[in-house]
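Here are my notes for you, in numbered points. Have the structure open while you read, and click on each residue as it comes up.

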Amino acid sequence: MNKKQFLLGLLLVCVFACKDATKKSDEHQSPKNESAIEQTGDEANFSSPLNKDEVVKNIQGKWKESEYPYRMLEISGQEVKFTEEGVVEPPTFKAFEISNKCPFQVNNIKEVDKNTIILSLTEEQRCEKLKIENETLILSGYSTNTEADYKIVYKKME
């Protein structure tokens, strides 16, 4: 074995050792976007009474924003379509998930607890808080542009 081969072998061992150490280090760190509630005591696993099937059933149909009638939301099965005025591309249905937490690194979801329902848009890696009351569907979160909470209220269309 000559000197070049020895140095190349040593370099490869160091690279793989560092890569393995980084991987192990990452496994022990918690995600940066966890809320304080997710990190404490018994609520860490979010074992809430959330019935995803019931939520999905209750949000089916067409919804119109109450303050801006040209923005609509249509939910069919496990897909949602947002329609609004002035958008270049025609709206399409996109897959969504219902859960107690956002699976993506986002900065518009704050104060999540075990009773919060999250609508996650997989394709866009976006999350919104969801609340359903009678014939009203509310999507909410925090806007980093205005540095304030926002709430979009939709009414069920007949």
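1. Start with phenylalanine 96. This is a predicted model, and in it phenylalanine 96 touches quite a list of residues beyond its neighbours within four places in sequence: Val56, Ile59, Ile75, Gly77, Gln78, Glu79, Val80, Leu119, Ser120 and Leu121.

2. Now zoom out to the core around it. The largest nonpolar core has 16 residues, and Phe96 is among those touching the most other members, along with Leu73, Ile75, Ile98 and Leu137. Two or more residues come from each of α2 (52-58), β2 (72-76), β4 (94-99), β5 (117-121) and β7 (136-143). Strand β5 gives the largest share, 3 residues. As a rule, nonpolar side chains in soluble globular proteins tend to be buried together.

3. There is also a second, separate core, made of 7 residues, including Cys102, Val106, Val112 and Cys127. Keep those two cysteines in mind for the next point.

4. How many disulfides does the structure hold? Just 1, and it links cysteine 102 to cysteine 127, with the sulfurs 2.0 Å apart. Cysteine 102 sits in the loop between β4 and β5 while cysteine 127 is in strand β6, so the bond ties together parts that are 25 residues apart in sequence. The torsion about the S-S bond is about 80°, so this disulfide is right-handed. Are the two cysteines buried or exposed? Cysteine 102 is buried at 18% relative accessible area, and cysteine 127 is buried too, at 0%. The cut-off for buried is under 20%, so cysteine 102 qualifies with its 18%.

5. Take a look at serine 120 as well. Serine 120 belongs to strand β5 and counts as buried, at 2% relative accessibility. Its contacts beyond four places in sequence include Phe96 from point 1, both disulfide cysteines (Cys102 and Cys127), and Arg126.

6. That brings us to arginine 126, which is partly exposed at 28% relative accessible area. Arginine 126 forms a salt bridge with glutamate 124, the closest N and O atoms being 3.0 Å apart, and another with glutamate 128, at 3.2 Å from N to O. Glutamate 124 is partly exposed at 35%, whereas glutamate 128 is buried at 8%. Salt bridges with shared partners join Lys94, Glu124, Arg126 and Glu128 into one network. The whole structure has 7 salt bridges.

7. Another of these pairs is worth a click: arginine 71 and glutamate 65, whose side chains meet at 2.8 Å, N to O. Arginine 71 is partly exposed at 21%, but glutamate 65 is buried at 9%. Glutamate 65 also has a bridge partner in β8, namely tyrosine 154.

8. On to the strand pairing. Strands β1 (61-65) and β8 (148-156) run antiparallel and share 3 bridges. Strands β7 and β8 are antiparallel as well, with 8 bridges; isoleucine 138 stands opposite valine 153 of β8. β7 and β8 make a hairpin with 4 residues between them, and glutamate 147 in the turn has a positive phi of about 55°.

9. Last, isoleucine 132, in strand β6 (126-133). Isoleucine 132 is partly exposed at 24% relative accessible area. Beyond four places in sequence, isoleucine 132 touches Asn58, Ile59, Trp63 and Leu137. The C-alpha atoms of isoleucine 132 and valine 55 are 8.1 Å apart, even though 77 residues separate them along the chain.

Key
Residues are numbered from 1 along each chain as its sequence is written. This is a predicted model: local features need pLDDT of at least 70, side-chain atom pairs count only at pLDDT 80 or more; totals for chains, interfaces and linings use all residues. Side-chain values use heavy atoms; hydrogens and water are left out. Buried means under 20% relative accessible area, exposed over 50%, partly exposed in between (1.4 Å probe, protein chains only). Contact means heavy atoms within 4.5 Å. A nonpolar core is a set of buried Ala, Val, Leu, Ile, Met, Phe, Trp, Tyr and Cys residues joined through side-chain atoms within 4.5 Å. Two strands pair if DSSP finds at least two bridges between them. A disulfide is a pair of cysteine sulfur atoms within 2.5 Å. A salt bridge is a side-chain nitrogen of Lys or Arg within 4 Å of a carboxyl oxygen of Asp or Glu.
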